[in-house]
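Here are my notes on the model, as numbered points. Please read them with the coordinates open.

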Amino acid sequence: MARPLARVLTLLELLQSGGIRTVSELADRLDVDERTVRRYAQQLIDLDVPVESVRGRYGGYRLAPGYRLPPLMLTDDEALAVLLGLVAGRRSGLTAGTDTASETAAAKIRRVLPERLRRRLDALLGSLAFTDPPERPAAVPEPAVLLPMADAVHHHRPVSIRYTAGDGRRSERTLHPYGVVAHAGRWYVAAADLSAGEDRTFRLDRISGVRTLSGSFEPPPGIDPAQRVLTGLATVPYRHEVTLRIQGTAEQIHTRLPASVAIVSELPSPGGADPEAERWSRVELRAERLDWLPAVLASLDRPFVIERPAELRGLVEAFAERLADSARRSPPG
C-alpha cells in the first residue's frame, strides 16, 4: 500500500475513534504537516466519507454523528482484541443475546479480514484452551431487556417489568433502577422496588419485559450498584445463618469468603488493647449446607470464634480430627 494512501486510511481510523481531532494532533500522529492533513481530509470527503471541519480554537476534524462506515478496517491488534473479546464474553456470560449472535459477529469480522490475518487468528482460536471451566452455565439476558434497562439507568427513568422469581412466581413491578451489574455469569439490576417499598436485586434473565415509564427519579447519593448486588446475594435466605469473629481485615477474609457470600464488618479495638495487635472482624453469611465451611476457615489460617450455629463447632472439630489423623499416618511400607 502506498504510504499516502496508508496515511489517509490511518486518518480515517483516527476519526472513527470519535470526537474532534485537531489538525496539529493529526499532523503529529500521521507525521506530516498540517497542509497535508487538510489534503487527506479532502480526499476522504471526495470518497463520500462525511468528514466535518470544526472551526474555532479547539477545532479540527470529525466524522458526522451516527455515520456508519461501510468497510471494517481493523489492525492486527484490533482484530485479535475483538475476536478474543467475543470468545471471552461468550465464556463468561457477558455477551448479551445468544451464542449464535457471538458466532455470527465473529464470522462477519473474519470475512472482511485479509487472508493472512484470518489464517493466523483461526489458528489461535483453534488452539486456544482454558484451564478453568465456567463455574456454572451463563444466564444471559435478551438485548430487548438489557438495553432499555441500561437506558433507564443512564437517564434515571422508572421502569415497569414482568418478573419470574426463582420459585416460578410471576409478578409485575415498578422499579427505579440504579445500575446494571454483571457477576459470575449472571446479569443483575440494583433498584428500588416501588411495589415492595424496598431496595432489591433482580436477575435480568428472569425479566420478560421492560417498559420505560414517564418521569424521572434521583438516585441515592453515593450509591454503589455492584456492592448492592453483592450484599443482596450474601443476604439471600438459606437454611443456616452463620456468625463468626475472625482475626483479620475485610480484605484478608474476602480472599476466601467473597463479598457475594459473606458480609464482613471490622470491629473496633477494645479499650486498652495493643494498637499494633491485629483487629478482629465480624462475619455473617447464610448457607444451605455447612460442610464446606470448616475447610474454608482452615484455609484462612487465622484465629476465629464461632458464635452460631453450634452445629458448626462439631463440624470444625471433626475436620480437625481428620487432618490430625492424616498427619499421623505413616507412608505405606
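1. Over how many bridges do strand 4 and strand 5 pair, and in which sense? The two strands pair over eight bridges, in the antiparallel sense. Keep in mind throughout that this is a predicted model. Within this pairing, Val 180 faces Val 189 of strand 5. The two strands form a hairpin with two residues between them. There, Ala 184 has a positive phi near 50 degrees.

2. The neighbouring hairpin deserves a look next. Strand 3 and strand 4 (residues 170–183) are joined by six bridges and run antiparallel. Ser 160 lies opposite Thr 174 of strand 4. Thr 164 has Arg 170 in strand 4 as its bridge partner. Five residues separate the two strands of this hairpin. In the turn, Gly 168 shows a positive phi of about 95 degrees.

3. Now the sheet as a whole. Five strands make up an open sheet, ordered 6-5-4-3-7, with antiparallel pairing. Strand 6 and strand 7 (207–212) are at the edges. Each has a single partner strand, so one side of each has no neighbour in the sheet. On average, neighbouring strands here are turned by 45 degrees against each other, direction ignored.

4. Which helices lie across this sheet? Helix 7 (residues 143–155) lies across strand 3, strand 4, strand 5 (186–193) and strand 7. Its angle to strand 4 is about 80 degrees. Helix 8 (residues 225–234) lies across strand 4, strand 5 and strand 6. Helix 8 runs at about 115 degrees to strand 4.

5. Val 145 is a residue to check in helix 7. Is Val 145 buried or exposed? Its relative accessibility is 5%, so Val 145 counts as buried; the cut-off for buried is under 20%. Leaving out residues up to four places away in sequence, Val 145 touches Leu 204, Ile 207 and Val 210. Val 145 and Leu 204 are 59 residues apart along the chain. Their C-alpha atoms are separated by 7.1 Å.

6. Asp 193 belongs to strand 5. With 1% relative accessibility, Asp 193 also counts as buried. What does Asp 193 contact, leaving aside its neighbours within four places in sequence? The list is Arg 173, Thr 174, Leu 175, Glu 198, Arg 200 and Phe 202. So a reader following the charged residues finds Arg 173, Glu 198 and Arg 200 among these contacts.

7. Aromatic pairs come next. The whole structure holds two of them. In one, the ring centres of Tyr 163 and Phe 202 are 5.0 Å apart, with the planes at 80 degrees. Why is this pair edge-to-face? The plane angle is 80 degrees, and planes over 60 degrees apart count as edge-to-face. The pair links distant parts of the chain. Tyr 163 sits in strand 3 (residues 159–164) and Phe 202 in strand 6 (residues 198–203), 39 residues apart. Both Tyr 163 and Phe 202 are buried.

8. There is another sheet to inspect. Four strands form an open sheet in the order 9-10-8-11, with antiparallel pairing. Strand 9 (262–266) and strand 11 (304–308) are its edge strands, each pairing on one side only. From one strand to the next, the twist averages 20 degrees. Strand 9 and strand 10 (residues 280–287) run antiparallel and are joined by five bridges. Ser 265 has Arg 282 in strand 10 as its bridge partner.

9. Two helices lie across this four-stranded sheet. Helix 10 (residues 293–300) crosses over strand 8 (240–247), strand 10 and strand 11, at about 15 degrees to strand 8. Helix 11 (residues 310–328) lies across strand 8 and strand 11. Its angle to strand 11 is about 140 degrees.

10. Last, a helix pair. The axes of helix 2 (residues 23–30) and helix 3 (residues 34–46) come within 9 Å. They cross at roughly 95 degrees, and the two helices are therefore roughly perpendicular to each other. Val 23, Ser 24, Leu 26, Ala 27 and Leu 30 of helix 2 meet Glu 34, Val 37, Arg 38 and Tyr 40 of helix 3. By class, this contact has six nonpolar, one polar and two charged residues.

How values were computed: Residues are numbered from 1 along each chain as its sequence is written. This is a predicted model: local features need pLDDT of at least 70, side-chain atom pairs count only at pLDDT 80 or more; totals for chains, interfaces and linings use all residues. Side-chain values use heavy atoms; hydrogens and water are left out. Rings of Phe, Tyr and Trp (its six-membered ring) pair if their centres lie within 6.5 Å; planes under 30 degrees apart count as stacked, over 60 as edge-to-face and the rest as tilted. Buried means under 20% relative accessible area, exposed over 50%, partly exposed in between (1.4 Å probe, protein chains only). Two strands pair if DSSP finds at least two bridges between them. Axes are lines fitted to C-alpha atoms, for helices over the stretch in contact, and angles run from 0 to 180 degrees between N-to-C directions. Contact means heavy atoms within 4.5 Å. Angles under 35 degrees count as roughly parallel, over 145 as roughly antiparallel, 65 to 115 as roughly perpendicular and the rest as oblique.
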